[in-house]
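User: I would like to go through this structure step by step. Could you show it first?

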Amino acid sequence: MSEFLNLLAAGLTSGAIYGIFGACLAVWFRVCNILNLAVGDFAMLGAIGTAELVQSDHVPFPAAVAADLAAVGLVAWLFDRGVLHFAFDRRPGGHGIVGVFFYTFGLSLVIEGVAQTVFGTDVHGAPAIWPGPAIAIADFHVQRAGILVIALAVASGLVLWAYLRFTVSGRAASACGESVLGSRIVGIDSALFRRRIFVATAVLAALFGVVESPLTGFTYLSGPTISLIGVVAAGFAAFRKPGRAVVAGLAIGVAEAMLGGYVSTSYNDVLLYAILFGIIILRPEVLGLSATAA
Amino acid sequence: MTEPAATARESAEAPAVTPQAVRRIRRRDPVPVATAAGVAIVGSLVLAAMNGSYLGLTITTGVGYAVVTVGMVLQLGYSRQLAFSQSVFMGVGAYGTGVLETKYNFNSAESLLAVIAIAALAAFLVGVVVTRAPGLALALATLLLPLFIYQLATFSSWLGSFSGIDGVLPFWNGPTYESALVRSGIVSVVLLGLATGVVLRVMRSGVGFQLMAMAEDERLGESIGVSLRQRRLEVFVFGSVLAAVGGAVLASAQGLVTPTVLGESAEITLLIMVFVSGRKSVIATILGAIVIEYLTTSTAFISTNLGIIEGIVLLLVLLVEPDGVAGAVDRVLGRRTDRWAGNLRSWGAARLRAGADTGGETGGGAA
């Protein structure tokens with residue numbers, strides 16, 4: 001039983017990581033129908049940037065976090081103003097797969113390249129926000145950072161879900177994703193919503209990177225894997241439901257931990273990806289995507 | 001005489017258009033064959049001129065990628081099929097060649113044919129289920145494929161784990177390494193020429209128009225009687241087979257296969273090659289694959305800062321010309337030829353006017 005509970009705790013922790021990135025992807029896709037493939041790179045910037053500021057430049061931890069989050073927000077804002085604005089506001093319509101995938105894919109490549117040049121190839125981890133040994137209840141052990149990760153994921157999922165469901169601003173944001181032209185006709189500034197939510201999810205991802213990095217550590221190459229798992233979690237939430245993306249991420253994390261614990265520690269990722277692949281191709285309706293989604 | 005009677009007589013007088021005649025007319029399109037021959041001849045001459053140098057090896061490797069990107073033009077660019085499994089099938093081709101030659105003593109031709117058959121079968125089996133998935137679900141499913149196939153390859157000692165398989169034969173051996181490289185390169189460009197010809201033939205045929213209609217709007221495709229599932233499957237299998245042939249070319253050129261050929265980075269490289277050069281142009285993607293392969297392997301500055309350069313170039317291309325360098329060249333040449341045509345028209349009109357004026361004066365004088 002204790003083994004099961006420990007695996008469950010580990011699975012929920014990694015699942016929370018997948019879930020929060022899935023939620024970030026889903027909320028932005030809902031607003032502008034673009035997949036943010038750079039979300040993992042924002043998390044990497046958050047983690048490595050904070051670690052560098054604290055360890056190399058001896059900046060106090062809270063100031064380092066604040067400076068790093070501000071820098072990530074600025075990068076996201078600049079990307080929106082410098083690229084997305086020209087691509088989508090000046091030349092609306094007809095972007096197809098290029099619009100869905102490749103603008104943020106380009107950003108991801110640039111961030112990774114810059115991070116490699118600036119931070120090198122070493123593994124970095126920001127200091128723990130809640131330092132101390134793992135919390136033990138009988139045979140059940142859970143890392144403090146893990147508790148923070150799960151709490152932040154659940155809270156973020158709930159806040160994003162409530163924002164989209166219960167606020168006028170959230171409904172206006174959803175309307176932009178349904179129809180840019182329609183939303184503009186009724187006076188909604190779709191570009192503003194796209195920019196705000198892009199910056200907000202970038203900062204959230206960076207904060208999550210700071211919270212998570214004591215557990216996993218980050219290199220300049222950590223971003224794409226995180227983004228990819230986030231895409232999978234968001235996919236199981238039809239790319240539009242952040243609350244469901246968190247739940248999907250938690251389920252994927254728990255499944256991964258259980259496969260690692262009870263089936264094979266070496267092949268758990270292979271099995272997990274194969275199972276997810278099987279679900280997508282055999283029961284695509286579980287994703288809730290329409291045939292014209294792309 | 002009434003109109004229907006006239007129509008009946010005209011149709012009786014008109015030569016009968018038989019299906020054979022229609023087929024004959026359709027076969028007259030010279031572009032696919034000419035382009036295929038051009039690619040094969042120019043490529044062979046270039047490789048012969050390289051005489052087995054390092055640059056020749058780089059170009060042959062680029063030719064391997066080009067075979068894959070030619071298939072991607074049909075799959076991603078022309079049919080807009082959101083499949084990201086090309087690196088996996090490139091791995092099937094490369095590992096298939098390596099395993100058959102080093103463990104089962106197949107020769108190069110046998111292994112190439114076997115790899116094509118294996119890839120076609122595998123793509124058909126995967127495609128039957130994968131192409132059921134709509135739009136983004138297909139993208140999602142095929143994004144997952146490289147993840148677990150790469151891990152399987154690295155865990156498998158039979159496939160050489162992280163070091164891969166060494167000792168893959170060149171397509172056409174020679175007395176020296178250089179001559180073998182030149183001969184294998186020529187076989188590779190002939191394969192590339194064949195791939196180019198077939199892809200152009202499909203794009204310029206009725207099937208190509210059906211694919212174009214499907215890409216624009218699947219309901220439009222269905223309304224004109226296109227079997228969406230069948231066409232999706234055919235495109236998936238064809239693109240995957242070309243990816244496997246490209247993988248076999250890479251393995252043969254380099255003499256070894258490593259798991260990197262299967263991974264996300266290989267897929268990213270292929271996407272960059274297709275999108276930067278022009279996802280709808282076969283010739284542009286061939287040139288793009290070779291030039292990008294050359295730049296990434298032969299220039300220290302670019303290989304060190306590859307990510308930044310790829311990202312910035314990709315963003316610039318998408319912003320300035322979403323159809324890539326080929327689209328930009330088309331636009332520039334189109335403007336220039338339009339200007340030339342305009343100049344020609346005004347020159348012709350001026351000549352006609354001058355002729356008419358001279359004629360008018362002469363005529364007037366005579367009168």
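User: Is Arg219(B) buried or exposed?

Analyst: This is a predicted model. In it, Arg219(B) is exposed, because its relative accessible area is 59%, and over 50% counts as exposed.

User: What does the side chain of Arg219(B) meet in a salt bridge?

Analyst: The partner of Arg219(B) is Asp217(B), with an N to O distance of 3.8 Å. Asp217(B) is partly exposed, with a relative accessible area of 30%.

User: How many salt bridges are there over all chains?

Analyst: The search of the whole structure finds twelve. Another of the pairs is Arg204(B) with Asp29(B), where the closest N and O atoms are 2.7 Å apart. That pair links distant parts of the chain, 175 residues apart. Arg204(B) sits in the loop between α8 (177-203) and α9 (206-216) of chain B, while Asp29(B) sits in the loop between α2 (19-26) and α3 (31-50) of chain B. Arg204(B) is partly exposed, at 41% relative accessible area.

User: And in chain A, which residue forms a salt bridge with Asp89(A)?

Analyst: Asp89(A) pairs with Arg184(A), and their closest N and O atoms are 3.7 Å apart. Asp89(A) belongs to helix α3 (residues 61-89) of chain A and Arg184(A) to helix α7 (residues 180-185) of chain A, so the salt bridge ties together parts that are 95 residues apart in sequence.

User: Which of those two is buried, and which is partly exposed?

Analyst: Asp89(A) is buried, with a relative accessible area of 17%. Arg184(A) is partly exposed, with a relative accessible area of 37%. Both residues also belong to a network of salt bridges that links Asp80(A), Asp89(A), Arg184(A), Arg194(A) and Arg195(A).

User: Let us turn to the nonpolar core. How many residues has the largest one?

Analyst: The largest nonpolar core has 177 residues. Those with the most contacts inside this core are Phe21(A), Phe42(A), Phe101(A) and Tyr103(A). Helix α1 (residues 2-32) of chain A gives the largest share, 14 residues. There is also a second, separate core of five residues, which includes Ala114(B), Val115(B), Ala119(B) and Ala244(B).

User: What does Phe42(A) touch?

Analyst: Leaving aside residues up to four places away in sequence, Phe42(A) touches Asn36(A), Val72(A), Val75(A), Ala76(A), Leu107(A), Ile111(A), Phe198(A), Ala202(A), Ala205(A) and Ala206(A).

User: How many residues of α9(A) are buried?

Analyst: Twelve of the 14 residues of α9(A) are buried, so this helix is largely enclosed by the rest of the structure. Among the buried residues are Ser222(A), Gly223(A), Ile226(A), Leu228(A) and Val232(A). Helix α9 covers residues 222-235 of chain A and reaches 20 Å from its first C-alpha to its last, close to the 20 Å expected at 1.5 Å a residue.

User: And what about α10(A): how many of its residues are buried?

Analyst: α10(A) is mostly covered, with 15 of its 21 residues buried. This helix, residues 242-262 of chain A, reaches 30 Å between its first and last C-alpha, close to the 30 Å expected at 1.5 Å a residue.

User: Now the outside. Which residues make the nonpolar surface patch of about 800 Å²?

Analyst: Phe4(A), Tyr262(A), Val263(A), Tyr267(A), Leu271(A), Ile275(A), Ile279(A), Val286(A), Leu152(B) and Phe155(B) make the patch. The elements that give two or more residues to the nonpolar patch are α11 (268-282) of chain A and α7 (135-155) of chain B. The largest share, three residues, comes from α11(A). Ile279(A) has its place in helix α11 of chain A, and this residue counts as partly exposed at 32% relative accessibility.

User: How many helices and strands has chain B?

Analyst: Chain B has 16 helices and two strands. Of its 367 residues, 49% count as buried. The accessible surface of chain B comes to about 17,500 Å², and 65% of that belongs to carbon and sulfur atoms.

User: One last residue: where does Ser281(B) lie?

Analyst: Ser281(B) lies in the loop between α12 (264-277) and α13 (282-298) of chain B. Ser281(B) is partly exposed, with a relative accessible area of 22%. Not counting residues up to four places away in sequence, Ser281(B) touches Val73(B) and Ala326(B). The C-alpha atoms of Ser281(B) and Tyr54(B) are separated by 28 Å, and the two residues are 227 residues apart along the chain.

Key
Residues numbered from 1 in each chain as written. Chains lettered and ligands numbered in written order. Predicted model: local features only at pLDDT ≥ 70, side-chain atom pairs only at ≥ 80, totals over all residues. Heavy atoms only, no water. Core = buried A, V, L, I, M, F, W, Y, C linked by side-chain atoms within 4.5 Å. Buried < 20%, exposed > 50% of the residue type's maximum accessible area, 1.4 Å probe, protein only. Helix = DSSP H or I, 4+ residues; strand = E, 2+ residues; numbered from the N terminus. Contact = heavy atoms within 4.5 Å. Expected span 1.5 Å × (residues − 1). Patch = residues over 30% accessible without salt bridge, like charges linked within 9 Å, V, L, I, M, F, W, Y side chains within 5 Å. Areas by Shrake-Rupley, 256 points an atom, 1.4 Å probe, with all protein chains shown as cover. Salt bridge = Lys/Arg side-chain N within 4 Å of Asp/Glu carboxyl O.
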